[in-house]
Amino acid sequence: MSDRLNEILPKERILTEEQMDRHTTFRTGGPARYFLVIETRKELAQVLAWLQEEALPWFLLGNGSNLLVGDRGYRGAILHLAGEFLKTEIDEATIRCGAGAMLSAVSRSAMEAGLTGLEFASGIPGTIGGAVRMNAGAYNGEIAGVTESVEVMEPDGRCRVYNREEMAFSYRTSIVKTKPCVVLSTVLKLKKGDRSEISATMQELSAKRREKQPLEYPSAGSTFKRPEGYFAGKLIMDAGLAGACVGGAQVSEKHCGFVINRKNATSADVAGLIQKVTETVQEKFGVTLEPEVIFLGDFEK
């Protein structure tokens, strides 16, 4: 292990050959060469500089809820934000939250403060940073609709702030998805509302999720982006793929838009099933499904 890295982070926050099935909601994935838990901006800047010196690839991990790591792992560094990146502060109708804060927890804080606008996000199992990066959304709401500004750190350690327009939000993407930078914090602008009504809406959406989604199995949520003019789940169902399996991975019969870890699936199983679904839908309907899931590591057979 690098002496320089030991000078940056305490040894208990430097993990080597860490199994990524512990850190993804698919519950699959092999070892990462480094798994680094970062608690301050100074540490982050120093780690990014070290990674550049060592010419090591890196990936910023939130809650691992949209990630499939290869069974042979990832031969770079996984960066995971903690410490000061978990803080949430509320001032009137403005919420400033660190990139590592869970979206569901921020939604609850907003509800408790009588702020409306984040109800749609209460069941999304990701972090604020991840939500901003991919413009997470559900039930006709998107993070773009409540974001005022986003602060990021560039690989050279410099920080900058993007306003909503500069973030170039669109369906499941933003400017920070296409740039090698780290989201540090986000300012959300909500509206005053009735706490009991906000709570009731969140409970209603939670009940819908439990009724319609296979939450009892490991998955990455909706596996595919919504193709223009179609619904991915309906295309998959109409293609006769409900319940289709590759190894321990299965197309959920409850919601065909979900690929689930039905029984001790490997990442290769999940990737194979995603490929099978994509090819079958293309063949039957001429529609190209694009995965929402990020593939990290080696997936070659």
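These are my notebook entries on the cores and two buried residues of a predicted model.

**Ground rules.** I number residues from 1 along each chain as its sequence is written, and my side-chain values use heavy atoms, with hydrogens and water left out. As the model is predicted, local features need pLDDT of at least 70 and side-chain atom pairs count only at pLDDT 80 or more, whereas totals for chains, interfaces and linings use all residues.

**Cores.** I looked up the largest nonpolar core (buried Ala, Val, Leu, Ile, Met, Phe, Trp, Tyr and Cys residues joined through side-chain atoms within 4.5 Å; buried means under 20% relative accessible area, with a 1.4 Å probe and protein chains only). This core has 52 residues, of which Leu 36, Leu 44, Leu 79, Leu 118 and Leu 188 touch the most other members. Helix α2 (residues 41-54) gives the most to this core, with five residues (helices are DSSP runs of H or I, at least four residues, and strands runs of E, at least two, numbered from the N terminus). I also noted a second, separate core of 24 residues, which includes Ala 249 and Leu 273.

**Glu 151.** I found Glu 151 in strand β11 (residues 147-153), and at 16% relative accessibility it counts as buried. Its side chain makes a polar contact with the side chain of Arg 41 at 2.7 Å (a pair of N or O atoms within 3.5 Å; within protein, one must be able to donate a hydrogen and the other to accept it, and residues adjacent in sequence count only if both atoms are side-chain atoms).

**Arg 172.** I placed Arg 172 in the loop between β12 (159-163) and α5 (175-178), where it counts as buried at 10% relative accessibility. The side chain of Arg 172 reaches the backbone oxygen of Gly 137 at 3.2 Å and makes a polar contact with the side chain of Glu 292 at 3.5 Å.

Technical notes: Buried < 20%, exposed > 50% of the residue type's maximum accessible area, 1.4 Å probe, protein only.
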